[in-house]
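Hi,

Here is the structure I promised to pass on. Please open it alongside this message; my notes on aromatic contacts follow.

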Amino acid sequence: MGPLSRETWAQRLGAFRASPSAFIAAPEGEDLGRDLLSDLRSEKLSEQTKVSLLALSLEYPTELWPDAPAAEAAATSLLDTLDFLPPRPSALRRPLLLAATTALVAGDALGPTSGASLRLLPLLLGLASGGDLGRGIAPSSEQRSLQATACECLRELESCKPGLLGGCLGLLRGLLGQGDPMGPIQPLSLLLALALRNTLVIRARARAGLQDLLTARVSSTGGGPWNWTLAEEGDAHLQPHVPTWPAAEEECGLSVLEPSPEEARELRAAMAQLLDTSYLLTPVAQAQLLWLLGWALRGLRGQPPVLFKPQLVRLLGTAQLTLLHAVLALKAAFGEALFTAQDEALLLRRLVVAAQHPALPLPAHLFYLHCLLSFPENCPLGPAGEEAAPLLLEPQLCRGLLPSLLLDPVALLARLHLLCLLCAEDEDEEEKGRGQSPRHFLEELLAGLWQGAALNGGPRVLATLCFQASYLVAHCLAGQPTVLTPLTQGLAQLYRAQPTLAPHFVDLLDQVGSELGEPLRVVLRQEVVSRPGGDEALRWHLQMLAKVADGDAQSATLSFLQAAAAHCTDWDLQQALLRVCRALLRAGVGGGLADLLQALARQLEDPDGRDHARLYYILLGHLSGPKLGVALGPSLAAPALVSSLVAENQGFAAALMVQEAPAPIRLSVGPRRVEGPVPVLQLQVEVLEPVYSLELRFRVEGQLCAPLGAVHVPCLCPGRPARPLLLPLQPRRPAPTQLDIRALYTTPTGLTCCAHLPPLPVNFADLFLPFPQPPEGARLGFFEQLWDSCLPKGTESRLWCPLGPQGLEALVSCHLEPFVVVAQPPTSYHIAIRLPPDSRLLLRLEAAQADGVPVVLRTDDWAVLPLVGDYLRGLSAAV
């Protein structure tokens, strides 16, 4: 078969990239690698098409050539193609070198017995050195690019076979010392640094010296300089790019290498040669070079790191994050052997000043803060050889890095961590003055976070940020009671103001240590049991009490539970009450709890709750403390299988399967709820027959809303009113959508059934949320501020809203009352609506007439304009 056309190759490459494994497994994929190598020599394909084929071989070498023989044959074919290229300039030479190198490495075919390896290595070294061999295969216009490519290929081979170029160190030093400003200085420097580092590691492990490896000059042609023996001793899993500085000596064995004076002199000369040309490299390449040389020099006994001093002077003022990271790595590696006290002070001030730059992007800002938080070993030596005072961050130095409530949450937490470090070192608070101390600033910041989390209907992110900050303070300042005491009191006040945050408190208690956890448990328990049993937040109080209840304050806890039992009419409240009883059982509470359980076993409406209360009462009366703890703990025994008791002909197989059935369930959308941080659908459920363990699963059509969680209902009976189900929505765009609903439930006969319910629409108005209401006298100013903020980003529009016979006042009262900010009934209303996730809609309804009212609207989201128009025009018909 002749070569394929460009169109055919485009189709094959597209099908292969779509699913490489499926394409290779299909019949047409068997000959893909062979066809690719064959058509690279075809004159009917353009160079652009051949470059696309070579790019495929670079991306998927293991799929095209999965074993060593196939990779060997592919590399041989690629080198033959390179030899057959005409002497004119071509775009194929560099991709062919890269493809041949990749094939040998990915196919694990590189070795002394590989013919392709013995052809490729001299070719790459000849090209890298710019010798006659390199000039013989390409015109002079391609020499520089081929030199760089050859160096990159050799670096890849050295990374995979550490020590392979150990015999080429002298040659590479000579090439770098030629001083050709047009030569490939960067790839050659990185190649020499990697080969030098690998050679030092391997020779150190072998307890051998460097001998004459640094000075030996070998020819770049023939089979000479490849040290396969050294490569076999190397570790193929070395990580030259990201060394672990503290463990580098132990992992690499460099600490035992003590070079002779001649070897040390040549080694310093080689490193100095690399460092002298490092300013010509890109920042990323410079950082990598410093990593390699620093890791190598760290383990050489008796070799001070003074070689890095000129580079340190040059790089202390750098604005490149990669170079700054490399400087900090040198600081961690060598400490006072390289950095003086003045250097450390300058570097610390440099980090502080850079972190305060107003135009700094958030990732860079977080990087500088992370460097400050992990600044290594701030203990310089004094001028007389004595240890001086630690070089610590001072409040005056970090005044511009104190956290603020207006910052991004991630930046606020990072700055709060820094503030905690300042508080940990702030031992002279009384002398400094209370108003200026970091501890006073910390208390004010936490008070602001608690105040934001306590707002009714506030964003969830404020509550999450508040508890993240509280955990961070408790973690960093665990040993300072002067900080933990106000922290405990502030959290107790937060729970008193917002009991709905009980799940956050439970998570916090699970994470913090005993220094904060124990006193916080005590104050939270006191807060709960001091409330009346019929509190509207009873659900949250019971959840919190199940976490903090123990053997202390038994009478107060039991009194609260007895008062709460009369108000636990719902199934979930009864279960929450029983969970508290279970916690008290495990804590060893006795007499009063038995009376409570006996009363619950008589008065609870739900049979499941009565059974649990009766079971707990029996366990309390018949088991001692240790046995009771085992009985109430998680069971380690596997449950018995019912299949051993039921015959197949009794329908056991059907009982195990989920049955498709007509839904005995009717689901509808109830009145709108316009409270809380997110829109909530209120669903009304009716059943035609008893339904148990109902699970409603929702799927949102399109991508307009985030996935919704399932809703569970333990039991529904016909004729018995069921409480509405609340389904929180998380819209990604303010647009109407539709919910597909699937119900999974158990019938009275014990079968598990599933059914598809009719879809429920989510209308545009179901997404409306009000803004927090400002004080009475500030409402007009609040609305005008929102009005002005919509432009110029948003848009303004005008339309006519027809009115029904009831007039404007009835229309607003029926549909828009929760969103009214300013009202002058019956002719003028200013309305502000939040459209999740982050849009707003403002309406001015003024100068109403008998048949309609002109509406001026503004929004910061152009896409909602047609939806708003349809909604307003449909209001009159709905009144």
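Which residues form one aromatic cluster with Phe764? They are Phe768, Phe819 and Tyr871. Bear in mind that this is a predicted model.

Aromatic pairs first. The structure holds 12 of them. Take Phe764 and Tyr871: their ring centres are 6.5 Å apart and their planes stand at 75 degrees, so this pair is edge-to-face. The contact links distant parts of the chain. Phe764 is in the loop between strand E8 (752–762) and strand E9 (769–770). Tyr871 belongs to helix H37 (residues 865–873). The two are 107 residues apart.

Are these two residues buried or exposed? Phe764 is buried, with a relative accessible area of 7%. Tyr871 has 16% relative accessibility, and buried means under 20%, so Tyr871 counts as buried too.

Tyr871 also pairs with Phe768. Here the ring centres lie 5.2 Å apart and the planes are at 80 degrees, so this pair is edge-to-face as well. Phe768 sits in the loop between E8 and E9, 103 residues from Tyr871 in helix H37. Again, distant parts of the chain are linked. Phe768 is buried, as is Tyr871.

Next, charges over rings. Arg844 lies over the face of Trp787, 4.4 Å from the ring centre. The charged end of Arg12 sits over the ring of Trp9, at 5.2 Å from its centre.

For a quick look, start with Tyr871 and its partners Phe764 and Phe768.

Best wishes

Technical notes. Residues numbered from 1 in each chain as written. Predicted model: local features only at pLDDT ≥ 70, side-chain atom pairs only at ≥ 80, totals over all residues. Heavy atoms only, no water. Phe/Tyr/Trp six-rings, centres within 6.5 Å; stacked < 30°, edge-to-face > 60°. Helix = DSSP H or I, 4+ residues; strand = E, 2+ residues; numbered from the N terminus. Buried < 20%, exposed > 50% of the residue type's maximum accessible area, 1.4 Å probe, protein only. Lys NZ or Arg CZ within 6 Å of the ring centre and 35° of its normal.
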